[in-house]
Amino acid sequence: MNDRLLLLARILLAALFVVSGFGKLTNAAGFAGMLGKIGMPAPDMLAYAVGLFELLGGLAILIGFQVRTVSYLLAAFCIATAFIAHTGDMTQLLKNFGLAGGFLALAVAGAGQYAVDRSGRSL
């Protein structure tokens with residue numbers, strides 16, 4: 001049962017990042033405009049980098065590849081983006097904190113048996 005719940009957790013956490021990353025890559029100009037408005041350097045390049053990171057990170061979590069390592073990276077990403085882009089919206093800020101918590105729990109638990117890595121032991 002635990003392995004099935006870990007799979008469900010991975011699917012639920014990955015969905016946001018796969019969809020969001022794909023959206024950022026297909027509308028990089030719009031996302032770059034938002035990044036420019038908040039004062040981020042090299043917004044065009046950063047838009048593609050963030051979109052690719054979200055898409056690939058989400059896919060890695062989804063299939064269970066290097067789950068512990070990717071979970072730590074995505075948790076850090078969620079905390080960083082909470083403070084960079086979401087300080088004006090408490091709901092978005094707390095959503096990012098919640099996602100970070102989910103990724104930290106996944107990092108501790110590992111991917112489970114329904115994963116490319118099977119044990120989830122990436123570190």
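Is Leu-93 buried or exposed? Leu-93 is buried, with a relative accessible area of 11%. Keep in mind that this is a predicted model, and here are my notes on it.

1. **Around Leu-93.** Let's stay with this residue for a moment. Leu-93 sits in helix H5. Setting aside residues up to four places away in sequence, Leu-93 touches Ala-82, Phe-83, His-86 and Thr-87. You can also check a distance here: the C-alpha atoms of Leu-93 and Ala-75 are 13 Å apart, with their positions 18 residues apart along the chain.

2. **Helix H1, end to end.** H1 covers residues 2-26, which makes 25 residues. From its first C-alpha to its last, H1 reaches 36 Å, close to the 36 Å expected at 1.5 Å a residue. Now look at Ala-14: a kink of about 30 degrees in H1 is centred there.

3. **The buried side of H1.** Which residues of H1 are buried? They are Leu-6, Arg-10, Leu-13, Ala-14, Phe-17, Gly-21 and Lys-24. So Ala-14, where the kink is centred, is on that list too, because its relative accessible area falls under the 20% cut-off for buried. The partners of these buried residues are helix H2 (28-37), H3, helix H4 (67-85) and H5, against which they pack.

4. **One salt bridge.** How many salt bridges does the structure hold? It holds one, and the side chains that meet in it belong to Glu-54 and Lys-24, at 3.2 Å from N to O. Glu-54 lies in helix H3 and Lys-24 in helix H1, so the pair ties together parts that are 30 residues apart in sequence. As background, side chains of opposite charge can pair when their charged atoms come close.

5. **Both partners are buried.** Don't picture this salt bridge out on the surface. Glu-54 has a relative accessible area of 5% and counts as buried. Lys-24 is buried as well, at 15%. If you click on Lys-24, look for what it touches beyond residues up to four places away in sequence: Phe-31, Val-50, Gly-51 and Glu-54. The last of these is its salt-bridge partner.

6. **Helix H4.** H4 has 19 residues and reaches 25 Å from its first C-alpha to its last, close to the 27 Å expected at 1.5 Å a residue. Its buried residues are Val-67, Arg-68, Val-70, Ser-71, Leu-74, Ala-75, Phe-77, Cys-78, Thr-81 and Ala-82. You've met Ala-82 already, as one of the residues that Leu-93 touches. What covers the buried residues of H4 includes H1, H3 and H5.

7. **A nonpolar patch on the surface.** Which residues make the nonpolar surface patch of about 670 Å²? Ile-11, Leu-52, Leu-56, Leu-59, Leu-62, Ile-63, Phe-65 and Val-116 do. Helix H3 (residues 43-63) gives the most to the patch, with five residues. Val-116 comes from another place, the segment after helix H5 (90-109).

8. **Ile-63, a patch member.** Ile-63 belongs to helix H3 and is partly exposed, with a relative accessible area of 44%. Leaving aside neighbours within four places in sequence, Ile-63 is in contact with Arg-10, Ala-115 and Val-116. Val-116 is a fellow member of the nonpolar patch, while Arg-10 is one of the buried residues of H1. The C-alpha atoms of Ile-63 and Ala-111 are separated by 9.0 Å, although the two are 48 residues apart along the chain.

9. **The loop between H2 and H3.** Pro-41 is found in this loop, and it is exposed, with a relative accessible area of 59%. Its C-alpha is 27 Å from that of Ala-14, and the two residues are 27 residues apart along the chain. Ala-42 lies in the loop between H2 and H3 as well and counts as partly exposed, at 42% relative accessibility.

10. **Two positive phi values.** Most residues other than glycine have a negative phi. Ala-42 goes the other way, with phi near 45 degrees. Gln-66 also has a positive value, near 50 degrees. Where is Gln-66 found? It is in the loop between H3 and H4, and it is partly exposed, with a relative accessible area of 28%.

Key. Residues numbered from 1 in each chain as written. Predicted model: local features only at pLDDT ≥ 70, side-chain atom pairs only at ≥ 80, totals over all residues. Heavy atoms only, no water. Patch = residues over 30% accessible without salt bridge, like charges linked within 9 Å, V, L, I, M, F, W, Y side chains within 5 Å. Areas by Shrake-Rupley, 256 points an atom, 1.4 Å probe, with all protein chains shown as cover. Salt bridge = Lys/Arg side-chain N within 4 Å of Asp/Glu carboxyl O. Helix = DSSP H or I, 4+ residues; strand = E, 2+ residues; numbered from the N terminus. Expected span 1.5 Å × (residues − 1). Bend = angle between axes of the 7 residues up to and from the residue. Buried < 20%, exposed > 50% of the residue type's maximum accessible area, 1.4 Å probe, protein only. Contact = heavy atoms within 4.5 Å.
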